[in-house]
Amino acid sequence: MSVFTDYKKEIIDAAHNESLRKGVSRSIKGYRANVDNALTKFPHTIELAEEVRKIREKAIGEMEKLAEQACKAIIENKGKCYIAKTADDALGIIGNIVGSSKVIVMGKTMTGVEIGLREYLEERGNEVWETDMGEFIVQLLKERPMHNTQPALHVPREDVAKLFSGIFGKVSPDIPALYGVARKFLRDKFVQADIGISGANVVAADTGTLFVLENEGNIRLATSFPPIHIALVGMDKLVPSFSEACKVAEVTWRYVGQTAPAYTSLISSPSKSSDIEKVLTVGVHGPKELHVILMDAGRTELAKHPIMRQTLYCVKCGGCLFECPVFAVTAGHFGDKYFSGIGAVWAGMVSKDVEKAAALAYTCLTCGRCKIRCPMKIDIPTMVIELRRLIREGMISGIQNIENVGKFTSIYPVNNSQRGYVNDEKTGQR
Ligand code: SF4
C-alpha cells in the first residue's frame with residue numbers, strides 16, 4: 001500500500017463518519033460565534049494582528065539570534081536552555097533530563113506532537129499523561145490530535161461518554177460530568193508527577209519569558225506542581241521583546257475565539273525567593289528546575305524560502321481549519337503533523353514527507369477561505385500551489401512514487417489564474 005492509497009482510504013472513511021461530522025460541525029458553530037464575539041468586543045484586535053504579522057515577519061528572519069538571546073536570559077534567570085537543531089536532538093535532550101520510570105504530566109504542545117514526544121517518553125519506560133481534556137481524550141482513544149486548539153473536536157460528547165464509561169465506570173454524556181471524571185483521575189497524576197512538560201505560545205527573547213495561554217488550568221498545574229518543568233518550544237515562537245510577545249498573545253487568544261483566556265502564565269525562571277536576608281534560593285513552592293528547549297527542526301531552512309516562510313508566521317489559532325470546507329467533513333484526517341493547507345506545506349517543507357505532502361496538496365481546494373480568516377493573512381492557497389510545483393518539478397527530495405503525483409497534477413490548477421481562489425476578502429467573490 002502506498003501513502004496515497006492509505007491516505008485516500010483514511011480521508012474517504014472520515015468523510016463518511018457521521019459521528020466525526022457531528023463533532024466537527026458543533027465545533028465550527030461554536031468557534032464562529034466565539035470569534036465574532038471576541039472581535040466585536042475588542043475590534044482593535046484586527047489592526048493589532050497586522051502589527052503582529054510585521055513582528056513575526058521580522059522575528060522569523062532572526063530566529064537564531066533570538067534563540068541565543070533567549071537562552072542567555074533564561075540562564076541568567078537560573079533556568080537551563082538548549083538549542084536543538086533537529087527533532088532527534090530535542091528528543092535526546094529531553095530524554096536525558098527525564099530518564100526512565102518517571103510520572104510525567106503534559107500540557108498541550110503541538111511541538112511535542114510534531115516530534116512524537118509522548119510516545120518517545122513512553123517507550124523509555126515513563127508514565128505520561130496528557131492533561132488537556134482534548135489531548136487526554138485523544139490519548140485514551142489512541143488517536144492523534146485533529147485540531148491545533150481542539151484536539152478532540154471530532155469526538156462528540158456521546159462518544160466521550162462511551163470511552164470514559166469503558167475505562168472509569170458508567171458516565172452519562174453530560175459535558176460537566178465528563179470533565180469531572182477527567183479532573184478526578186488527573187488530580188492524582190499532577191500530585192504524583194516528577195516532571196511537567198509544556199510548550200509555549202510565544203517567547204520574549206529579551207527577558208526569556210514563556211507565554212503559555214490556556215483555559216483549563218492544567219498547564220498551571222503541570223508547570224508549577226512537579227519539581228521539574230521542561231518546555232519544548234519551536235524557534236518560530238520567538239519575538240524580540242516582552243511587549244511584542246504581549247501583542248502576539250492577545251491576537252492569538254482573540255482568534256482562538258476568546259475575549260481573554262482563563263490563564264496566561266508568564267514563566268521566566270524556576271521558582272525562587274530572596275525573602276530570607278535577600279539570599280536568592282531556587283526551588284520554593286514551584287519547580288526547582290526549568291529546562292527550555294528551543295527547537296529548530298527545519299524552521300531556519302524554511303525561513304529562507306520567500307513564499308513558504310509564511311508558514312512560520314502562524315500563531316496556531318486554528319481559525320483557518322474551521323473555515324476549510326475539506327476539514328469540515330474530514331477533520332484532521334486532512335493533515336499530518338499540522339492540518340489542512342498549511343499542514344501540507346509543513347509536511348513537504350519541514351517533515352520532508354513528500355508523498356504525504358502531495359496527497360494533502362492535491363486535496364486542498366485552494367479556495368482561499370483560510371486566508372480570509374487568518375489573523376496573519378497567510379496566503380495558504382499560493383503556498384499550496386507553490387508546493388505542487390516543487391513536488392512536480394522534483395524540487396523536494398524524498399519522493400518515492402512520482403508517477404502517482406503525476407496522476408493528481410493533471411486535474412489541478414498550477415497557478416492562481418487557474419484556481420477557484422476567493423480573491424475578494426470582503427465579499428468572498430471569485
Ligand atoms: S494559518 Fe492563520 S488561521 Fe491558520 S492556525 Fe495559523 S494563524 Fe491561525
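Visitor: Is the crossing of H8 past H9 left-handed or right-handed?
Guide: This is a predicted model, where local features need pLDDT of at least 70, side-chain atom pairs count only at pLDDT 80 or more, and totals for chains, interfaces and linings use all residues. Residues are numbered from 1 along each chain as its sequence is written. A crossing counts as left-handed if the near helix is turned anticlockwise from the far one by less than a right angle, and right-handed if clockwise. For H8 passing H9, the crossing is left-handed.

Visitor: At roughly what angle do the axes of H8 and H9 cross?
Guide: Helices here are DSSP runs (H or I, at least four residues), strands are E runs of at least two, and both are numbered from the N terminus. Axes are lines fitted to C-alpha atoms, for helices over the stretch in contact, with angles from 0 to 180 degrees between N-to-C directions. H8 covers residues 133-141 and H9 residues 157-168; their axes come within 11 Å and cross at roughly 65 degrees.

Visitor: Which residues in H9 does H8 meet?
Guide: Contact means C-beta atoms, placed from the backbone, within 7 Å. From H8 come Ile137, Leu140 and Leu141, and what they meet in H9 is Val160, Leu163 and Ile167.

Visitor: And how many nonpolar residues are in that contact of H8 with H9?
Guide: Ala, Val, Leu, Ile, Met, Phe, Trp, Tyr, Cys and Pro count as nonpolar, Asp, Glu, Lys and Arg as charged, and the others, Gly among them, as polar. The contact of H8 with H9 has no polar and no charged residues, and its nonpolar ones number six.

Visitor: Which helix gives the most to the side of domain 1 that touches domain 2?
Guide: An automatic or database assignment sets the domain bounds: domain 1 is 3-41 + 307-418 and domain 2 is 45-299. Their contact takes 30 residues from domain 1 and 33 from domain 2. On the domain 1 side, helix H2 (18-41) and helix H14 (319-323) each supply at least two residues. With 13 residues, the one giving the most is H2.

Technical notes
Two residues are in contact if their C-beta atoms, placed from the backbone, lie within 7 Å.
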